[in-house]
Amino acid sequence: MRVFLYELRKLFNWKVLLLILFISFLFYKLFLSFYFENFPNGRPAKDEFMITKEMINKYGHEMDEKEFQHFKNWYKQKKDEANAYLKSQQDAEKLGITTYEQFRQLDLTNKQYADFHEKVVFVDQADVFWELQAFENIIEQYESKGRDIESYTDEDQQERVKQIMANNDVNSVFPYLVYENYNELTRFWTVLIIISVVMVTCRVHITDRLNNAISLQYTTKTGRNLFSLKLLAALAATALITTVQIVIFWFFYLGNGTQAFFPLSINSFYNFYYFWFDFTFEGYIITTVIAIYIVAIVAALFSVFFSRIAQNYITLIGSLVPIVVLLSYCTLKYLVGELFAILHPLMLTIGTFLVLIAISTIFIIYRMKQEKLVDLI
Amino acid sequence: MLIVDHVSKYYGNFIALENVHLQFDNGIYGLLAPNGAGKTTLMKMLVTLIFPTKGEIRYNGENIIHLGSKYRELLGYLPQQFGYYKHYTPAKYLLYLSALKGISKHEAKEKIPELLKLVGLEDVMHKKMRKFSGGMIQRVGIAQALLNDPKILILDEPTAGLDPTERARFRKLLTQLANNRIIILSTHIVSDVESIANEIIMIKDKTILYKKPIRELCQLLSGRIYETAADFQDAEIFRKRFATISEKQENGQMIFRFVSDEQPNENWKSVEPTLEDVFLHVYGEGALA
Ligand SMILES: Nc1ncnc2c1ncn2[C@@H]1O[C@H](COP(=O)(O)OP(=O)(O)O)[C@@H](O)[C@H]1O
Ligand SMILES: [Mg+2]
């Protein structure tokens, strides 16, 4: 136990921690801050966000056909508001625009019309016009739900879409923008976690080799069991770093105010795509968190293995960079980002996880066996 | 009792040691051989860092590899290249190593200041090792080897980097420790072991040439060592004719020491052989083997 604690403490070198802090800051600036500072991103996204929240209050988690009729009435009221607004505008009268329908179908290649449209929507920022766009988007999506089945070529995918259509979940009012925002944040944050974990754990053996400490350590009572203890220390460090990073993430993410959507199904008519499993948003979040821990542990296992094998930092970095790149690529594509979306064959996602876990574990077990057998020269 | 039983070690195709047979009881053993003879190789096998290609090493009748941690628990080892963390203090490093050695924190905290005092590092025990001299580092190494009060103490060139006073102090320390443990130290410097070793082990041509007390080793050459003075101009001729084993300057003359089976000249005086004579004779260039 004491050895484990010593090894754990040795991993948290303040220089490395400073470097991680710096890289985290860069990541935040480059990839992450945008999704915190600009959520929902512009209009009508902001209006869609507000309206869907309102829908939850009105209709609950799902909107059935009857509620949809109510929603369309609500849309009509908004249209009346818009008409009233247009009537109050002198410019509108001059141009002969009296109703929202006219306004909507304006020929924007005509300079006069374009200028008026611009004034109403962007300069005056008349809310109702943005809201109407949001309403229209929602209505359109609701009415066309399930039609995108055509875009899936795979039988399994089509089967899954049919399954979801048959299910009330598809009426969930969960909006794509909440998903997109979480997806972008979490996949980039995971890359940051991979980098942090590798930076901390890759030192676990190599510092001892470079300091010639191995022959001392391996001739003590602990001896060749040190590898296992160091492995545990590296895994503990991984858990710690990943947890701290996730906690920090949530500190920022809660500011986006998406809590109302947590219990909603993400297989909604209003999301970008469907998923292989019946996730609520909170269920999905938990699943991504598990995926993040798996990816972090796989990264740590590779890192520990190469730390033991590599003769110097050059070979260590040389072997870990391709692994980090590959792992980050898969993370961004489908291991954490778009996790279990039906865009990616289910077997590809599960298979990749299994292969990654298997290879990294085999590497470690192989080395564990070697540790007992090899000359330590 | 530690027995090296017909052990050979190959590094790939390279034979480092062949058919080494040795027995160790409590006492000090000086492993005396030039660089590259295989001292480190033998010691690394004794501390289980590397495995014999042939043969086995037994402690009290059991193979040390099978004994595993029960054997390593009894070991104190100073590697030829003592590794340490520059940003650690000796006290902190020894505390870390005592965890590895399975010594309780409480016990370690008592033991560490004593040991560091023993090697004369009490003043710097809380200073980072970054700025330590080679001799100071080596003394940290000696202290750590003693942490677990080892039954088997293996020191690979422990005097490297020590100055003459430190060497003398170190020899004294070893004799104090010697009565209830096996101490094996390697060196290529005769004076390190001359006065303290119970037995000298010499490795030549990849195997053990001698394992004898110093007195017996010297007897091998008794009556065959001569000493004489010669002028500088005659030195070259002298070297050609006799198997000189050492030469030094004294009062503007050369003093030669050499091996000869019969007295070459009545005036040349026969002297008592020293361990150095044996060493130089055994390993010297063109020596009579
Ligand atoms: N890991 C190794 N691989 C190959 N040859 C080695 C290795 N270690 C030592 N040797 C060779 O074995 C011989 C004995 O080396 P060593 O045991 O270090 O001698 P010593 O300690 O007496 O100087 C030398 O010729 C050395 O080059
Ligand atoms: Mg050596």
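Is Q80(B) buried, exposed or partly exposed, and at what relative accessibility? In this predicted model, local features need pLDDT of at least 70 and side-chain atom pairs count only at pLDDT 80 or more, whereas totals for chains, interfaces and linings use all residues. Residues are numbered from 1 along each chain as its sequence is written, chains are lettered from A and ligands numbered from 1 in the order in which they are written, and side-chain values use heavy atoms, without hydrogens and water.

Q80(B) has a relative accessibility of 38% and therefore counts as partly exposed, a class lying between buried (under 20% relative accessible area) and exposed (over 50%), with a 1.4 Å probe and protein chains only. Through OE1, Q80(B) is a protein donor of the magnesium ion (ligand 2), together with OG1 of T40(B), at 1.9 to 2.2 Å; donors are N, O and S atoms within 2.8 Å of the metal (3.2 Å for Na, K and Ca), and since water is not among the atoms, sites may look incomplete. The two residues are 40 residues apart, T40(B) belonging to helix 1 (residues 39-46) of chain B and Q80(B) to the loop between strand 6 (75-78) and helix 4 (90-100).

Chain A contains 16 helices and zero strands, as DSSP runs of H or I with at least four residues for helices and of E with at least two for strands, numbered from the N terminus. Of its 377 residues, 53% count as buried. Along the principal axes, the C-alpha atoms of chain A fill a box of roughly 95 × 40 × 35 Å.
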